[in-house]
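The following exercises concern one protein model and its ligand. Please read each task, attempt it with the structure at hand, and then compare your reasoning with the worked solution.

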Amino acid sequence: MKKLYIIALCIFVTGSILAQPTLTYLENAPQIGDVSNIQSVSANGLSHEPVGPDVSWDFSQLNNLTTGQITGIDSSTAPAGNEFPTANIAFNMNDTIFTYCLVNETGLYYLGSQMLSVQNPLYVISEMDKTGVDAFVLFNRLFQPEIDIDLEEHYFPYNLSTQNDNRISLRYAGLLYGETRAAICSNTGIFTGEDVISMILAGANVVQIVSTLYKNGIGQISTILNEVETWMKKKNYKGLDDYRGKLSKKTLNDPFTYKRAQYVDILMKSEEIFKKYPMV
Ligand SMILES: Cc1cc2nc3c(=O)[nH]c(=O)nc-3n(C[C@H](O)[C@H](O)[C@H](O)COP(=O)(O)O)c2cc1C
């Protein structure tokens, strides 16, 4: 919602300084090449209802948070342009935040935003991939400190993984398959042959295991290999490449499987979904 306000205000600032501006497509719609000053505001307590012609909005309660500049660019040239095929404009803020929109006679539609920063692992991976990195290990589990409240000091337990911890590795294997030149090594929470098969189906080239060896002993390596072999025989697969990436984002018809948008879908159909898949 905040993004909508940013865009709305951008038109507001560039278009007019009238107290009651009239926004029209021809005069106010942002164009490729437009450079606009923007103000990011807190919309707390602000009502923009009703909407439509001849409506007055009271913006006097807005608190200014930050200011900046955005440039309208051809969305197909923006870093995630192919992810937003219906966008016809993107707003570039400092080459760091790209906001994808569709603008036409009926309105300005916010489609999504992308932040390119070290907080965006896919961006960092793709930039490192271009430099010729051979492989990515996703994700190494770090030793993290805990606090003993009696001694009031830190200690560093082994913190072994559980199987549920492998979701993030599975997701990134699925997102990155076919997108990097480098190999993907999935790591964390891989305990069984089934986990290894899942990672390969998502798109991993290879996996690393540690916690399962601590918990189940070194013989777990043979157990995992046997489980993978048995499953492959049953499915008539001759090698890992026969099924690697079969359930990756690139291969699936439903590109939202690996995206957070699916969360909304799950909420909307929660009764149906929780009947089919038990809660873990
Ligand atoms: C006892 C122990 C020692 C580890 N030592 C290292 C290490 O020296 N270097 C490293 O990169 N990761 C190390 N790790 C992290 C593992 O490589 C791995 O990322 C982590 O254990 C998650 O995988 P898992 O869920 O199979 O345990 C260690 C993990 C454990 C439990």
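**Exercise 1.** Are W231 and Y237 buried or exposed? Describe also how their rings are arranged.

*Solution.* This is a predicted model, in which local features need pLDDT of at least 70 and side-chain atom pairs count only at pLDDT 80 or more, while totals for chains, interfaces and linings use all residues. Residues are numbered from 1 along each chain as its sequence is written, and side-chain values use heavy atoms, with hydrogens and water left out.

Step 1. Relative accessible area is computed with a 1.4 Å probe and protein chains only: buried means under 20%, exposed over 50%, and partly exposed in between. Both W231 and Y237 are buried.

Step 2. A pair of aromatic rings is described by the distance of the centres and the angle of the planes. Rings of Phe, Tyr and Trp (its six-membered ring) pair if their centres lie within 6.5 Å; planes under 30 degrees apart count as stacked, over 60 as edge-to-face and the rest as tilted. The whole structure contains six aromatic pairs. One of them is formed by W231 and Y237, with 5.5 Å from centre to centre and 40 degrees between the planes, and is tilted.

Step 3. Ring pairs also join W231, Y237 and Y243 into a cluster.

**Exercise 2.** Which polar atoms of N187, V210 and S211 lie beside oxygen atoms of the ligand?

*Solution.* Step 1. A polar contact is a pair of N or O atoms within 3.5 Å; within protein, one must be able to donate a hydrogen and the other to accept it, and residues adjacent in sequence count only if both atoms are side-chain atoms.

Step 2. N187 places a polar side-chain atom 2.8 Å from a ligand oxygen. For V210, a polar backbone atom is 2.8 Å from an oxygen atom of the ligand. For S211, a polar side-chain atom lies 2.4 Å from a ligand oxygen.

**Exercise 3.** Where is E152 found, and what is the sign of its phi?

*Solution.* Step 1. Strands (E, at least two residues) and helices (H or I, at least four) are DSSP runs, numbered from the N terminus. E152 belongs to the loop between β7 and β8 (153-155).

Step 2. Its phi is near 50 degrees, a positive value in a residue other than glycine.

Step 3. E152 counts as exposed because its relative accessibility is 68%.
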